[in-house]
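Trainee: Pick one part of this model and take me through it closely. Then work outward from there, step by step.

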Amino acid sequence: MADYPKALGFLRVAVTAAQGTIPLPNALVTVYAQPEGELPVLYRTVRTDASGRTSVMELPAPALEESIRPDQPIPYLNYSVKVDLPGYQSAQIEDISIFPGIASTLPVSLSPETSGRPSTNINILPPETLNDFNQTKEVR
């Protein structure tokens, strides 16, 4: 990620249960990036407020003028988000596209733990999408 000129994109995470109807306060939200072949880089660790939302987080993004050059194929940087809350299955969302100057909200719906064993739902977002969770797998 260090190769890109720095601009800022913005991300807010909204954590809920019961298919988006109940906000979950005090969920731990971790935002990180893992450049190909490198160790993960931690960017933010925050908790959700009473409405189940994080504050707006500033994240590095490619500079707008650099993102329109032919040798710069993507105008965004990808991040991952992990959400943890006791009593609920953790959620991990990968490939979240952050664009320069754009504020996005990532909705995350947690399911209660049913087996008594912690588990994590991993969602891999298609490029440039924040609201379409097409690929889901559960890790125990």
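Mentor: Start with strand 8, residues 103-109, in what is a predicted model. Its side chains alternate. S104, L106 and V108 point to one face, and these three are buried. A103, T105, P107 and S109 point to the other face, and they are not buried.

Now the partner. Strand 1, residues 6-17, runs parallel to strand 8, and seven bridges join the two. One position to locate is A14 of strand 1, which stands opposite P107 of strand 8. P107 belongs to the face of strand 8 that is not buried.

Next, the nonpolar core. The largest one has 25 residues. Within it, V13 and V81 touch the most other members. Strand 8 is among the elements that give two or more residues to this core. The others are strand 1, strand 3 (28-33), strand 5 (57-62), strand 6 (77-84) and strand 7 (90-98).

Follow V81 outward. Neighbours within four places in sequence are set aside here. V81 is in contact with L106, one of the buried side chains of strand 8. Its contacts also include L11 and V13, both within the residue range of strand 1. Four consecutive positions, V29, T30, V31 and Y32, are on the list too. A91, Q92, I93 and I96 complete it.

T30 on that list deserves a stop. T30 lies in strand 3. Its relative accessibility is 17%, so T30 counts as buried. With neighbours within four places again left out, T30 is in contact with S80, V81 and K82 on one stretch, and with L42, R44 and T45 on another.

K82 leads to the charged pair. The structure holds one salt bridge. K82 and D84 form it, with the closest N and O atoms 2.9 Å apart. Side chains of opposite charge can pair when their charged atoms come close. Neither partner is buried: K82 is partly exposed at 24% relative accessible area, and D84 is partly exposed at 22%.

Stay with strand 6 and look at its pairing. Strand 6 and strand 7 pair in the antiparallel sense, over six bridges. In strand 7, I96 is the bridge partner of Y79. I96 is also a contact of V81. Seven of the nine residues of strand 7 are buried, so strand 7 is largely enclosed by the rest of the structure.

The turn between these two strands is a hairpin with five residues between the strands. There G87 takes a positive phi near 90 degrees. P86 also sits in the loop between strand 6 and strand 7. At 73% relative accessibility, P86 counts as exposed. Its C-alpha is 8.8 Å from that of E113, although the two residues are 27 apart in sequence.

Back to Y79 for the rings. A search of the whole structure finds two aromatic pairs. Y43 and Y79 form one of them, 5.3 Å centre to centre with 80 degrees between the planes, which is edge-to-face. Y43 lies in strand 4 (residues 41-47) and Y79 in strand 6, so this pair ties together parts that are 36 residues apart in sequence. Y79 counts as buried because its relative accessibility is 1%.

Y76 and F99 form the other pair. Their ring centres are 5.1 Å apart and their planes stand at 55 degrees, so the pair is tilted. Both residues are in loops: Y76 between strand 5 and strand 6, F99 between strand 7 and strand 8. The pair therefore ties together parts 23 residues apart in sequence. The two rings differ in cover. Y76 is buried, at 6% relative accessible area. F99 is partly exposed, at 23%.

Finally, place strand 8 in the whole chain. The protein chain has zero helices and ten strands. Its pattern along the sequence is β-β-β-β-β-β-β-β-β-β. Of its 140 residues, 40% count as buried. Among contacts with a separation of 6 or more, 59% join residues 24 or more positions apart. The chain exposes about 7700 Å², and carbon and sulfur atoms supply 53% of that.

Key: Residues numbered from 1 in each chain as written. Predicted model: local features only at pLDDT ≥ 70, side-chain atom pairs only at ≥ 80, totals over all residues. Heavy atoms only, no water. Buried < 20%, exposed > 50% of the residue type's maximum accessible area, 1.4 Å probe, protein only. Helix = DSSP H or I, 4+ residues; strand = E, 2+ residues; numbered from the N terminus. Pairing = 2+ DSSP bridges. Core = buried A, V, L, I, M, F, W, Y, C linked by side-chain atoms within 4.5 Å. Contact = heavy atoms within 4.5 Å. Phe/Tyr/Trp six-rings, centres within 6.5 Å; stacked < 30°, edge-to-face > 60°. Salt bridge = Lys/Arg side-chain N within 4 Å of Asp/Glu carboxyl O. Areas by Shrake-Rupley, 256 points an atom, 1.4 Å probe, with all protein chains shown as cover.
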